Amino acid sequence: MITTRKGRVFSGARPTGRQHLGNYLGAIKNYVALQDEFDCVYCIVDIHALTTVETTENLTQNIYEMALDFLAAGIKPQESIVFIQSQVPEVTELHTFFSMVTPLGKLTDLPTFKEKVRMHPNNINYGLVGYPVLMAADIALYKADTVPVGVDQAPHIEFTREVVRSFNYRYHTNVLVEPQMKATEYPKVIGIDGQQKMSKSLDNHIELAATPEETNQRVMQMVTDPQRMRRSDPGNPEICNVYSLHKVFSDPSEVSMVNTECRKAGIGCVQCKQLLAKNLNQNLEAFRQRRSELAQKPDQVWDILRDGKDKARAIAGQTINEVKQAIGLPI
Ligand code: SF4
């Protein structure tokens, strides 16, 4: 079992299969960095996914592909716990106990619930309403004191704190920990359409594990400064997504060159994109190498997830015993 050094981080991610640049810059990169500072518990939240997925046909494969990306990106299973939510049934127990201290109106008032209702008007299931309760159980089960989230997720963490407070108050205990939110600046990564957030469902993404050729193709499709119609037109890099990605993946000298030359039409968009694609492929080379090596041994990936499940269950079992004792249930 991992030992607590400077506190414990919990984060859950839906199994969305092969990850893209938006997932990497928005979450995975941070997951990897947090390992230096915290004991980290990273959960692939497949039960959460069931609230909205239309088919579970690819669920297992999506879990596997996502785990491959996490591990290849640098999540270290010897230091962190990486596991699948549904393999730790204690979370559903805690979810049930939490549901007794959660007013229904609070759940239906959450902006995220209203948004989901808008998005899935024909599938407003019970699980959707209880989603934040399950999320609270995810966090509290591992006594995580730190949850990295973007500002849009802040209401969920506040909700978790309230549920934990209500539980501790109701049963006169302090067995559960109120987590703190670690506000993280997640850069909003725009897709190759130059307009919307990068997302698989919008097919505007660039996969981390794409081949160099696929990456080149996707980069060449990227929408640039719409005012720059001809090669001789000066452009504005500040409104161009190609430039945004240069800032992340290119050397400072190249970023500065693009910034200067684009404004005076000294560089064409094709050349600019070729440079970005080259740098992207270079940046991702080591990741792709590790991923393809790991993919040769799928059993090893499943073993890591099973080992993560055992470590997670050791903590979860202990918490559930304490929770039951606090409630007054026999254990
Ligand atoms: S030169 Fe580069 S930064 Fe400028 S508009 Fe073209 S792609 Fe965008």
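This passage describes the ligand site, a second pocket and three loop residues in a predicted model.

The ligand comes first. The space that the ligand takes up is the largest cavity. Three helices each give two or more residues to the shell around the ligand. These are H10 (241–249), H11 (252–263) and H12 (269–295). The ligand is surrounded by Thr224, Asp225, Arg228, Cys240, Val242, Tyr243, Val258, Cys262, Cys269 and Cys272. Cysteines in this shell are thus Cys240, Cys262, Cys269 and Cys272. By class, the shell holds seven nonpolar residues, one polar residue and two charged residues.

One residue of the ligand shell, Thr224, can be followed further. Thr224 lies in the loop between helix H9 (212–220) and H10. Is Thr224 buried or exposed? Its relative accessibility is 16%, and buried means under 20%, so Thr224 counts as buried. Leaving aside residues up to four places away in sequence, Thr224 touches Cys240, Val242, Cys269 and Lys273. Among these contacts of Thr224, Cys240, Val242 and Cys269 also belong to the shell around the ligand.

The second largest pocket is a separate topic. About 170 Å³ of space lies in this pocket. Its lining consists of Leu71, Gly74, Ile75, Lys76, Pro77, Arg290, Glu293, Leu294, Lys297, Gln300 and Ile304. Which helices each supply at least two residues of this lining? They are H12 and H13 (298–327). The largest share comes from H12, with three residues. Helix H12 therefore appears at both sites, because it gives two or more residues to the ligand shell and at least two to the lining of the second largest pocket, where helices are DSSP runs of at least four residues. The lining divides into five nonpolar, two polar and four charged residues.

Two further loop residues concern the backbone. His172 has a phi near 50°, a positive value in a residue other than glycine. His172 is found in the loop between helix H8 (154–170) and strand S5 (180–183). With a relative accessibility of 74%, His172 counts as exposed, because exposed means over 50%. Asp203 also has a positive phi, near 50°, and is likewise a residue other than glycine. The loop that holds Asp203 runs between S5 and H9. Strand S5 thus borders the loop of His172 and the loop of Asp203. Asp203 has a relative accessibility of 48% and so counts as partly exposed.

Conventions:
Residues numbered from 1 in each chain as written. Predicted model: local features only at pLDDT ≥ 70, side-chain atom pairs only at ≥ 80, totals over all residues. Heavy atoms only, no water. Near = heavy atom within 4 Å. 1 Å grid on protein atoms, 1.4 Å probe; cavity = no way out; pocket = protein on both sides within 12 Å on 5 of 7 lines; lining within 4 Å. Sits in = over half its atoms within 2 Å of the grid points. Nonpolar A, V, L, I, M, F, W, Y, C, P; charged D, E, K, R; others polar. Points joined across faces, edges and corners; volume = space filled by probe spheres on them. Buried < 20%, exposed > 50% of the residue type's maximum accessible area, 1.4 Å probe, protein only. Contact = heavy atoms within 4.5 Å.
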